[in-house]
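Hello,

Here is the structure I promised to pass on to you. Please have a look at it first, and then read my notes below.

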Amino acid sequence: MTSTLQIADIVRAFRPLEVASYLRLHGWKQQDKVPEKYSVWTKRDDGRGEFEVLLPAASSFSDFARRVRELIETLQAEEGRTLPEILEDVTTPHADIVRAKLAPDGDMNGTLPLEDGANVFQQMRDLMLSAACAAVYPREVFAKRKPDQAMKYLREARIGQTQRGSYVITVLSPVPPVLVAGNQTVLLAEVEEEPFARKTVRILAEAVAATVEGVQSAAASGKLDALTAGVAKGVSANLCEAILGLNEGSGGRGLEFSFSWAPSRGAPENVKNVQRLQADSMPYLEETSRHFRQTSELEGAEVLGVVHRLQHLDGNAGDVTIVGSVDGERRTVVTELDGQAHYLAIRAYKERLAVRCVGELLKEGKSYRLKNPRDLRLVDDS
């Protein structure tokens with residue numbers, strides 16, 4: 001049963017048109033309607049019979065709160081979900097919702113240490129960013145410089161209300177509704193490009209599922225083949241590291257991810273809406289992240305450091321060794337430069353100036369080689 005305080009909150013947030021959209025896209029059928037008063041909706045469950053709700057059309061009626069309570073309690077019984085989850089879904093019809101539940105089998109009393117709290121929200125950001133990058137182009141590792149479209153997505157997504165018990169972080173991802181003309185029979189998904197925000201959340205759901213399956217395969221076979229194959233579905237070093245960070249915030253007690261889809265757009269096909277990663281999955285994610293970073297080409301990597309060695313090759317060209325950092329990690333990098341870039345490297349070597357450049361980073365032995373170097377420039381000491 002819902003409390004009086006909860007009902008007051010529900011009534012304030014209740015929007016009849018949004019609820020009608022939610023009911024329609026969750027399989028409910030409108031059976032009767034009295035304009036400006038109410039509508040009656042039903043849904044049949046083969047195992048439990050038929051459910052029925054009355055949806056009030058306006059809050060001015062004296063029994064509005066009672067009708068709202070009855071509707072929400074019927075949805076709880078039919079869906080088997082918590083009140084906060086249902087209320088959030090009902091009142092956000094134009095957003096997909098991602099929930100990360102920390103320590104799903106334990107009680108964290110709805111709180112986190114302050115330091116852990118700051119970290120888990122950063123990790124949740126990084127998790128969503130890894131999915132947005134994979135929506136642009138999936139790869140094993142994403143460099144510090146992220147695609148503009150992925151960064152734009154982060155500015156549009158929203159952090160939702162946290163939930164008590166096992167601490168739950170919620171992300172709301174706004175998506176446009178699907179509107180179909182009266183005589184239109186072709187699904188829009190067949191003729192219209194998937195909105196980027198929906199693609200991002202769908203890829204995250206698929207990536208988490210591929211991670212769960214990949215860990216199970218790795219435990220049984222001792223090989224990372226399934227996790228490597230999961231790159232096409234959004235698995236990456238960045239995703240693994242974000243999951244590891246969230247697990248650390250849970251006290252190392254595992255995670256549960258759940259996905260709710262905007263009622264105004266409907267759910268994508270063949271997506272698992274609830275996925276769990278137990279604490280004993282984490283060592284496999286650590287090794288996957290390390291493997292990807294050691295063996296994969298890092299596109300768009302930014303190198304910052306000093307020229308340590310010059311090796312003349314032919315004419316106005318040569319190998320240049322830079323000691324410094326790549327995306328914040330200390331690295332020794334060799335790259336071949338020519339023309340104006342080679343001249344700037346010589347000047348930087350003589351004058352002990354720092355340089356900055358961008359390229360594709362690949363590990364070679366104990367050092368790294370930067371392919372396709374570009375945008376090389378001197379960095380002023382100041």
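What share of the contacts in the chain with a separation of 6 or more comes from residues 24 or more positions apart? The figure is 64%. Please bear in mind that this is a predicted model.

Some overall numbers to start with. The chain has 382 residues, and 46% of them count as buried. Its secondary structure comes to 12 helices and 13 strands.

**The barrel**

Towards the end of the numbering you will find a closed barrel of 5 strands, in the order 9-10-11-13-12, with mixed pairing. From one strand to the next, the twist averages 50°. Helix 12 (residues 339-351) packs on this sheet, where it touches strand 9 (298-312), strand 10, strand 11, strand 12 (354-364) and strand 13 (367-379). The direction of helix 12 makes about 60° with that of strand 9. Within the barrel, strand 10 (residues 317-326) pairs with strand 11 (residues 329-338) in the antiparallel sense, and 10 bridges connect them. If you want a place to look at that pairing, Thr321 stands opposite Val334 in strand 11.

**Two strands to compare**

Is strand 4 (residues 95-102) mostly covered or mostly open? Mostly covered: 7 of its 8 residues are buried. Strand 4 has antiparallel partners in strand 6 (residues 168-174), through 7 bridges, and in strand 7 (residues 255-260), through 6 bridges. On the strand 6 side, Arg99 has Thr170 as its bridge partner. On the strand 7 side, Leu102 is matched with Leu255.

Now for strand 1 (residues 29-34). None of its 6 residues is buried, so strand 1 lies largely in the open. Strand 1 pairs with strand 2 (residues 38-45) in the antiparallel sense over 5 bridges, and the bridge partner of Lys33 there is Ser39. The two strands form a hairpin with 3 residues between them. In that turn, Glu36 has a positive phi of about 65°, in case you like to check backbone angles.

**A buried threonine**

Another spot I would point you to is Thr211, which lies in helix 8 (residues 196-221). Thr211 has a relative accessible area of 0%, and because buried means under 20%, it counts as buried. Which residues is Thr211 in contact with, leaving aside its neighbours within four places in sequence? They are Leu227, Val235, Leu239, Leu277 and Leu285. For Leu239, the separation from Thr211 is 28 residues in sequence, while the C-alpha to C-alpha distance is 9.3 Å.

**The cavity**

Finally, the empty space. Rolling a probe the size of a water molecule over the atoms shows where such space is left. How many cavities of 30 Å³ or more does a search of the whole structure find? The search finds 1. About 40 Å³ of space lies in the largest cavity. The residues lining the largest cavity are Tyr22, His26, Asp89, Thr92, Ala95, Ile97, Ser260, Trp261 and Pro263. Sorted by class, that lining has 5 nonpolar, 3 polar and 1 charged residues.

That is what I have for you. Enjoy looking through it!

Best wishes

Technical notes:
Residues are numbered from 1 along each chain as its sequence is written. This is a predicted model: local features need pLDDT of at least 70, side-chain atom pairs count only at pLDDT 80 or more; totals for chains, interfaces and linings use all residues. Side-chain values use heavy atoms; hydrogens and water are left out. Two strands pair if DSSP finds at least two bridges between them. Helices (H or I, at least four residues) and strands (E, at least two) are DSSP runs, numbered from the N terminus. Axes are lines fitted to C-alpha atoms, for helices over the stretch in contact, and angles run from 0 to 180 degrees between N-to-C directions. Contact means heavy atoms within 4.5 Å. On a 1 Å grid over the protein atoms alone, a cavity is a set of points where a 1.4 Å probe fits but cannot get out, and a pocket is an open set with protein on both sides within 12 Å along at least five of seven lines; lining residues have an atom within 4 Å of a point. Grid points are joined across faces, edges and corners, and a volume is the space filled by probe spheres set on the points. Ala, Val, Leu, Ile, Met, Phe, Trp, Tyr, Cys and Pro count as nonpolar, Asp, Glu, Lys and Arg as charged, and the others, Gly among them, as polar. Buried means under 20% relative accessible area, exposed over 50%, partly exposed in between (1.4 Å probe, protein chains only).
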